[in-house]
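Colleague: I'm new to this one, and I'd like to zoom in on a single strand and what surrounds it. Could you walk me through it slowly?

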Amino acid sequence: MYEKETVIKEKCIRSPFLMAPMVTFGYGVEDGMITEELISHYEERARGGVGMIIVEAACVAEDGRLSKHQIGIWKKEQLEGHKKLVQAVHDCKVPILSQLHHAGIRTVSGRPAAPSKFHGVLRGKGYTAEEMTTEEILEREQQFIQAAVRAQDAGYDGVEIHCAHSYLLSSFLSPTVNHRTDRFGGDLRGRMQMALDILSGIRRSCGDHFILSVRLGFDEPDLEASAHMAKAFVKAGMDLLHVSTGFGSTGSMDERAMEPSPDGFPFNIRIWAAMQMKQRVKCPVIAVGGIRQVQQGMFLLEQECADFVALGRALLCDPQWVKKIKQGREIVSCRNCRKCLWSTDYHKCPGWREYHG
Ligand SMILES: Cc1cc2nc3c(=O)[nH]c(=O)nc-3n(C[C@H](O)[C@H](O)[C@H](O)COP(=O)(O)O)c2cc1C
Ligand code: SF4
């Protein structure tokens, strides 16, 4: 089962354990340019046996970043770094996707953007954003599509569209934020319009062989609405559904802050939601969140709760997690800190410190 192969769009994924996208911010990225240190970070995890890598969120626009140190894919000068990264991962025979992102309300490098005027608190911090005009929406759609074309030029096997965690596309999907009355709002269909335009635009521009994944919140605002969206995304060309949290929970990763799964299901609610999505949507599903031990992942795969299991913090602490479980070696465990230190200073991560002796 650790070595169960799956082929998607002619790309062989040699393990169902994938690397989840995780911004790092500690590898000296400036002006969105990928550094050698960041390439080594991914290369080490590709060597460690993961089936596929979904690279941390890459911003599609200079003025839509979450941090000044976020990687970018908004201009051709950035492609050199992406090409080297892709090559390093492909040399380990591991497919790689670029996660395309715009921070929306949480933008720090430009004017925060939202479907409707926003003034509120997300994860304990106050935010204000102006309503986007139709022209701005169409421009942002093109930025996602052009970023996907650049990703394809750089050699990526596909892209993942970030539609979760309260960022731009999540805010359009959310009835809490999207109060528009034009074709980009109103009912569920209207709220999906921007994501659908992007998906079909990428499929048209990048062709049928390019993998298209979507990271979607299960609570946008509830499971039924999210499942409805996922079905529409399949029709628009989505190949893979990566289930996470939406605007409601604003991307919280703290299991203690999440409501429990129904029926005593022994995993967090994101994983429960992935299992529900798998029963409703006709495309492979990636489950993510809180997987630390191999037995947990194997249970989900064997019980067909998900087609793939993505590992986040487990791989930050032990880049060789997959290889070690295959060899029966002990892994370095994530301590589930209340706030993960990787987006500030990874040297302080207790797992990283233990791994590096
Ligand atoms: C440091 C850090 C950075 C993250 N950055 C991203 C990101 O760039 N894109 C994304 O969709 N999720 C991001 N996440 C969420 C992870 O992909 C994952 O869903 C979450 O950590 C739960 O999985 P885990 O318990 O296996 O870590 C990040 C998480 C962490 C800890
Ligand atoms: S040990 Fe703490 S800092 Fe390190 S990956 Fe886990 S949560 Fe993040």
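In which sense do β12 and strand β13 (residues 308–311) pair, and over how many bridges?

Modeller: Before that, a little bookkeeping. This is a predicted model, so local features need pLDDT of at least 70 and side-chain atom pairs count only at pLDDT 80 or more, while totals for chains, interfaces and linings use all residues. Residues are numbered from 1 along each chain as its sequence is written, and chains are lettered from A and ligands numbered from 1 in the order in which they are written.

Now your strand. β12 and β13 pair in the parallel sense, over three bridges. (Pairing takes at least two bridges found by DSSP; helices are DSSP runs of H or I with at least four residues, strands are E runs of at least two, and both are numbered from the N terminus.) Within this pairing, V288 stands opposite A310 of β13. To get from β12 to β13, the chain passes through helix α8 (residues 294–302), making a right-handed β-α-β crossover. Right-handed here means that, with the strands pointing away from you, the path from the first strand over the helix to the second runs clockwise.

β12 has another parallel partner to look at: strand β11 (residues 240–244), joined to β12 by two bridges. There, L241 has V285 as its bridge partner.

What about the side chains? In a regular strand they alternate between the two faces of the sheet. In β12 (residues 285–288), V285 and A287 point one way, I286 and V288 point the other, and all of them are buried. Buried means 20 or more other C-beta atoms within 10 Å of the residue's own, with the C-beta atoms placed from the backbone; 12 or fewer is exposed, and anything in between is partly exposed.

Let's follow the chain on from V288. D318 is 30 residues along from V288, and their C-alpha atoms are 17 Å apart. You'll find D318 in the loop between α9 and α10 (321–327). It counts as buried because it has 26 C-beta neighbours inside 10 Å. Beyond its neighbours within four places in sequence, D318 is in contact (backbone-placed C-beta atoms within 7 Å) with K324, I331, V332, G351 and Y355.

Helix α9 leads us to ligand 1. The shell there has 23 residues, with A20, M22, A57, G312 and R313 coming nearest. α9 (313–317) and β4 (53–59) are the elements that each give two or more residues to the shell.

Methods: Near = placed C-beta within 6 Å. Contact = placed C-beta atoms within 7 Å.
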